[in-house]
Amino acid sequence: SLSRSSLPLSRASLPMQQAYEQPDAAAASAQQQQQQQQGQHGQEPAAAAAAAGRRSRPRNMPVQRVAAPQALQLLSTSEESGAAAGTTGVLLVQCPDAKGVVAALAQLLFGFNCNILQSDQFTDETLAHSRFFQRIHFDFKDISVGTGNLAVLETAVADLAKRYQMHWKISYRTQRKRMAVLVSKMDHCLFDLLIRQRSGELHCDIPVVISNHPDLGHVADMFGVHFEHLGFSKDLDKAVAKQQQEAAIQRVLEEADVDLIVLARYMQIFSQDFCEKNWGRTINIHHSFLPAFEGAKPYHRAHERGVKIIRATAHYATSELDAGPIIEQDITRITHMDSVQDMVRKGRDLERLVLARAVRWHVNDRVLVTTTGRTVVFQD
């Protein structure tokens, strides 16, 4: 069930700031004349010394490594605009369908002098008892109790929730979610997530990459992300080694204060205990050949059968393999001319795209899980 977010407001990350200055035409002309005069009368001492210093650096001298920049914050016009970007929140609600729910939520936010920027809702009438889902994106910069007293707003939402038997969650734009990426040896989803996060497309931080193999440590290093290699101990019983590995992973997740776990082609099956501890915050990606082509080399076997489509599925992980609530799916077509290598390439492209959508929707609080295990996704 959904509950109030307990993330501290102080955990905001500032966007990387870049400034580029270009001289106007007059300044550029004056600068050119000055350079010509210097060419006739000789360089000034400081400029000459700087030039000499640049020329004197040996070619084999290593370039100093610069820390990875923070992610840019790209603001979607449908989500944020202007100064309101830092004072917006999202309220997710699900409850038994009843008259007055929408009006009650709107009146509550209006009573606190908040402005509703966008509202999406859905009623699932296929259930024995209809269930209502809503996502409200609101601006609280003029909130009557002051932006430093959001707990007062949350208390009011909790009181209203009791009346309508609501499950609810509230989050704020300044609270960037922290995402851990778990990988094995395939790097295509890892690279894609890191690039999207770096560009600002994913509004989150990635404090750690965890793997059961050391192979992709260099990828995390490229982006300045901490890498943890947590493999199995070969000296222990397999069940004991797996239990210790999961305990180590859980410890790293807690130390990194992680909100979301993404299994970016992580080729290990988690225990029921681990899945229950991290229910609703673990996203997995897999191809569509399951259960038809399980095991090794599924693309080879699919090629032999002459499949015509490849599908990828992103879902919340459960103890039942690849059976959690589905967040996103997509397909790409295959023809008789596609080789196994073509199928692998198309499949990986699809996995990147589907996983990125699922992660973005989760990070932006657009996914609700129903009581029957389905998802309601308010797409952007």
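**View 1. Helix 5 packs against helix 10 at an angle of about 45 degrees, with 9 Å between their axes.** This is a predicted model, as are the views that follow. An angle like that falls outside the roughly parallel, antiparallel and perpendicular ranges, and helix 5 and helix 10 are therefore oblique to each other. Their crossing is right-handed. From helix 5, the contact takes in His188, Cys189, Asp192, Leu193 and Arg196. From helix 10, you'll find Arg348, Glu351, Arg352, Leu353, Leu355, Ala356 and Val359 in the contact. Sort the residues of this helix 5 and helix 10 contact by class and you get six nonpolar, one polar and five charged.

**View 2. Here's helix 10 from end to end, residues 340–363.** The helix has 24 residues and spans 34 Å from its first C-alpha to its last. That is close to the 34 Å you'd expect at 1.5 Å a residue. Look just past the end of helix 10 for Asp365, which takes a positive phi of about 55 degrees.

**View 3. Helix 9 (residues 298–305) is another helix that crosses helix 10.** The two axes come within 9 Å and cross at roughly 120 degrees. That angle makes helix 9 oblique to helix 10. The crossing of helix 9 past helix 10 is right-handed. On the helix 9 side, the contact residues are Tyr299, His300, Ala302 and His303. They meet Val340, Met343, Val344, Gly347, Arg348 and Glu351 of helix 10. The contact of helix 9 with helix 10 splits into five nonpolar, three polar and two charged residues. If Arg348 and Glu351 look familiar, that's no accident: both are also listed for helix 10 in its contact with helix 5.

**View 4. Seven strands make up an open sheet with mixed pairing.** Reading across it, the strand order is 7-6-5-8-9-10-11. Which strands stand at the edges? They are strand 7 (226–229) and strand 11 (326–333), each with a single partner strand, so one side of each has no neighbour in the sheet. On average, and ignoring direction, neighbouring strands here are turned by 20 degrees against each other. For one parallel pair, zoom in on strand 8 (residues 260–263) and strand 9 (residues 282–287), which are joined by three bridges. Val262 has Ile283 of strand 9 as its bridge partner.

**View 5. Helix 5 and helix 7 both pack on this sheet.** Helix 5 (residues 188–199) lies across strand 5 (177–183), strand 6 (204–211), strand 8 and strand 9. Its direction is at about 160 degrees to strand 6. Helix 7 (residues 238–255) touches strand 5, strand 6, strand 7 and strand 8. The direction of helix 7 also makes about 160 degrees with that of strand 6.

**View 6. Four strands form an open antiparallel sheet in the order 2-3-1-4.** Strand 2 (115–124) and strand 4 (167–172) are the edge strands, and each pairs on one side only. Neighbouring strands in this sheet are turned by 10 degrees against each other on average, direction ignored. How many bridges join strand 2 to strand 3? There are nine, and the two strands run antiparallel. To get your bearings along this pair, find Gln121, which stands opposite Gln134 in strand 3.

**View 7. Helix 3 and helix 4 each lie across strands of the four-stranded sheet.** Helix 3 (residues 101–111) lies across strand 1 (88–96), strand 2 and strand 3. It runs at about 20 degrees to strand 3. Helix 4 (residues 150–164) covers strand 1, strand 3 and strand 4. The angle between helix 4 and strand 4 is about 160 degrees.

**View 8. Helix 3 and helix 4 also pack against each other, at about 165 degrees and with their axes 11 Å apart.** Anything over 145 degrees counts as roughly antiparallel, and that label therefore fits helix 3 and helix 4. Their crossing is right-handed. Helix 3 brings Val101, Ala104, Leu105, Leu108 and Leu109 to the contact. Helix 4 answers with Leu153, Ala156, Val157, Leu160 and Tyr164. What classes of residue do you find where helix 3 meets helix 4? Ten are nonpolar, with no polar and no charged residues.

How values were computed
Residues are numbered from 1 along each chain as its sequence is written. This is a predicted model: local features need pLDDT of at least 70, side-chain atom pairs count only at pLDDT 80 or more; totals for chains, interfaces and linings use all residues. Side-chain values use heavy atoms; hydrogens and water are left out. The expected span of a helix is 1.5 Å times one less than its number of residues. Axes are lines fitted to C-alpha atoms, for helices over the stretch in contact, and angles run from 0 to 180 degrees between N-to-C directions. Angles under 35 degrees count as roughly parallel, over 145 as roughly antiparallel, 65 to 115 as roughly perpendicular and the rest as oblique. A crossing is left-handed if the near helix is turned anticlockwise from the far one by less than a right angle, and right-handed if clockwise. Contact means heavy atoms within 4.5 Å. Ala, Val, Leu, Ile, Met, Phe, Trp, Tyr, Cys and Pro count as nonpolar, Asp, Glu, Lys and Arg as charged, and the others, Gly among them, as polar. Two strands pair if DSSP finds at least two bridges between them.
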